[in-house]
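Q: Please take me closely through one part of this model, strand by strand if there are any, and then place that part in its wider setting. I would like a connected account rather than a list.

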Amino acid sequence: MDSVQCGIAATAQGGQVSVNAMSGVMINDAKVVIADIAASNGVIHVIEKVILPPRNNDQTSIKPDPLRRGRFFEIQSGGPHVFNIAAHTLRPKDTSRNNCFMQTLIDSTAIKTPAFAAVPVMGVRLAESKGFYPNMKSKPGVKSGRKAPGKTADMKHMADCIRAIAARKDRQAFEELFRFYAPRLKAVLMKGGAGAQEAEEVMQEAMVLVWRKAEQFDSSKASASTWIYTIARNRRIDLLRREKRPALDPDDPFFQNISANPDGEQVYTENQRAGIIREYIRTLPPEQLLLVQKAFYEEMTHQAIAAELDMPLGTVKSRLRIAMRRLREQLSGAEL
Amino acid sequence: MITQHLSDDFLIEYANGALAAPESLVVGNHIALCAECRARVETFEDVSAVLLEDGNTEAISADALDAVLSRIESPADIESPADEADAEPRIQFDQATLELIPPPLRSYLGDSLSALNWKRTGRGLEEVSLLREDDVRISLLRIRVGQKVPSHTHGGEEFTLVLSGGYSDGDTHYGKGDVSVADGEMDHAPVADDDGPCLCLTVRRGSTRLTGPIGRFLNPMVRG
């Protein structure tokens with residue numbers, strides 16, 4: 001395991017960068033958002049902004065915070081490392097097996113507790129890392145033509161909108177849901193392989209069903225997003241193969257002797273549960289994040305993921321299993 | 001107490017809608033019986049929902065909202081399988097059927113259990129074929145009390161979900177709600193419990209091959 005501590009790392013220009021692992025890992029004032037991507041000639045850590053080399057060897061801006069106790073930055077076999085800094089690339093002079101360089105991506109998502117000590121992965125190139133997180137392309141200020149309002153939805157509010165439709169056929173509430181979900185549903189449908197027109201059609205029908213089924217929404221069972229996602233997914237499956245997925249009615253005679261809920265399940269509010277999941281996804285090591293993205297956003301089969309990434313099927317399955325087991329641990333063990 | 005669950009692989013593909021329909025039927029009926037796996041599927045749906053919230057947006061057609069708003073006013077607009085599935089079943093099942101057959105399986109049954117066309121397919125073994133398509137066979141299987149099923153292997157995977165009663169296969173016992181996944185390699189010979197008949201949903205891919213000394217003679221019959 002890598003060990004990351006605090007301190008100053010020299011850069012080849014003669015400058016220095018501060019490394020701080022007290023609260024997440026920071027390089028100067030940039031957070032490390034994805035750590036330990038094994039590239040063909042080193043290891044890449046993605047940080048959230050461009051670090052420019054100081055002009056005229058001006059080192060004042062990169063002193064470590066004296067209030068934070070620091071030790072030197074150590075990787076694998078230990079010992080302080082010296083980095084080259086060239087525009088936004090940091091590279092160690094040492095080209096031994098601990099070879100490591102740092103590369104910034106401009107558009108990435110801030111992560112509070114990056115898994116800097118993640119197990120290094122092989123075969124993941126920087127080019128692919130751009131696609132790790134679905135919203136990378138739509139960050140403000142970066143090449144993006146289509147940005148919907150609001151990065152993360154307030155699930156309580158979205159749930160209120162659905163309840164308003166159920167209670168009084170509230171069109172304004174529906175329009176609000178539509179503006180947030182319609183462009184996202186269309187995007188995920190297209191990512192899953194639908195053509196633009198087909199995706200538009202499924203999205204529109206799903207939104208009609210959101211209106212019609214609003215009374216069935218039960219926020220103790222699913223968040224607004226989960227409920228709407230499953231409606232769109234079921235609509236897609238219906239159209240694709242006429243498979244029926246009826247909603248389970250707890251009053252059905254079948255359930256008289258069957259427990260409705262697993263024992264000891266944590267109860268969260270609408271926003272808490274999504275928050276834990278979101279936080280967990282953002283801290284996944286890159287190789288697991290990529291698979292989670294393929295399985296849960298692009299809706300690919302394990303087989304298709306294995307083929308696309310040229311990875312053994314067993315590896316895809318076991319990595320996803322591990323990622324989901326840890327998520328369940330987070331959800332069951334999180335202190336609230 | 002359900003002890004034999006489906007692995008996350010199936011549950012993930014079910015949650016993201018990528019799993020084929022026959023396997024989805026097994027998952028859907030297992031999670032109707034199994035609160036633990038149902039919670040897992042719901043967690044996986046939550047993961048997709050979070051990625052959806054944080055995901056890209058795609059430009060929608062300019063009149064999309066108007067189109068949807070006009071459709072929500074015309075009640076008979078969407079004739080969808082989803083609506084059909086939510087509607088009251090056309091068939092009036094008897095109480096025994098309603099208690100034994102999970103809701104996701106009911107649309108595959110043309111009638112109550114006792115009125116189905118059960119066929120004897122072996123000693124103490126009855127089967128109703130619910131669907132046969134390409135290389136997939138979906139059946140209900142009824143095994144007589146204490147009956148041993150001839151040992152067999154499969155051309156592809158065989159899913160067995162216990163709906164009532166139970167059976168043992170080697171050292172493993174399968175009770176109500178338990179599911180077994182046998183691959184093409186597995187040679188097994190289930191024995192029904194001796195306290196009642198065992199009702200199972202089976203989904204098989206590929207052909208079944210009997211492997212016992214007498215069973216081999218019967219192969220042409222079971223494959224028909």
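**A sheet in chain B and its surroundings**

A: Let's start with one pair of residues: E158(B) stands opposite A182(B) in strand 8 of chain B. Keep in mind that the model is a predicted one. The pair is part of the link between strand 5 and strand 8 of chain B, which run antiparallel and are joined by four bridges.

Strand 5 of chain B has another antiparallel partner, strand 10 (residues 198–205) of chain B, and six bridges connect these two. Here L161(B) is placed opposite L201(B) of strand 10 of chain B. Strand 5 itself, residues 158–164 of chain B, is mostly covered, with six of its seven residues buried.

Now step back to the whole sheet. Six strands of chain B make up an open, antiparallel sheet, and their order is 1-2-3-10-5-8. Strand 1 (119–122) and strand 8 (179–182) of chain B each have a single partner strand, so they stand at the edges and one side of each has no neighbour in the sheet. From one strand to the next, the twist averages 30°.

At the strand 1 edge, the partner is strand 2 (residues 125–133) of chain B, and three bridges hold the antiparallel pairing. Within it, K119(B) faces E127(B) of strand 2 of chain B.

Next comes the contact between the chains. Chain A contributes 76 residues and chain B contributes 55 residues. On the side of chain A that touches chain B, the elements giving two or more residues include helix 3 (171–191), helix 4 (196–213) and helix 5 (224–241) of chain A. Helix 5 of chain A provides the largest share of that side, eleven residues. Sorted by class, the side of chain A that touches chain B holds 37 nonpolar, 13 polar and 26 charged residues.

Finally, the nonpolar interior. The largest nonpolar core counts 97 residues, and those with the most contacts inside it are L177(A), M203(A), A206(A), M207(A), V210(A) and L11(B). Helix 3 of chain A supplies the largest share of this core, eleven residues. At least three residues of this core come from each of domain 2 (155–252) and domain 3 (272–333) of chain A. Apart from this core there is another one, of nine residues, including M26(A), A30(A), I34(A) and I47(A). For a last close-up, take A206(A): leaving aside residues up to four places away in sequence, A206(A) touches L185(A), I231(A), A232(A) and R235(A).

Key. Residues are numbered from 1 along each chain as its sequence is written. Chains are lettered from A and ligands numbered from 1 in the order in which they are written. This is a predicted model: local features need pLDDT of at least 70, side-chain atom pairs count only at pLDDT 80 or more; totals for chains, interfaces and linings use all residues. Two residues are in contact if their C-beta atoms, placed from the backbone, lie within 7 Å. Ala, Val, Leu, Ile, Met, Phe, Trp, Tyr, Cys and Pro count as nonpolar, Asp, Glu, Lys and Arg as charged, and the others, Gly among them, as polar. A nonpolar core is a set of buried Ala, Val, Leu, Ile, Met, Phe, Trp, Tyr and Cys residues joined through C-beta atoms within 7 Å. A residue is buried if 20 or more other C-beta atoms lie within 10 Å of its own, exposed if 12 or fewer, and partly exposed in between; C-beta atoms are placed from the backbone. Domain bounds come from an automatic or database domain assignment. Two strands pair if DSSP finds at least two bridges between them. Axes are lines fitted to C-alpha atoms, for helices over the stretch in contact, and angles run from 0 to 180 degrees between N-to-C directions.
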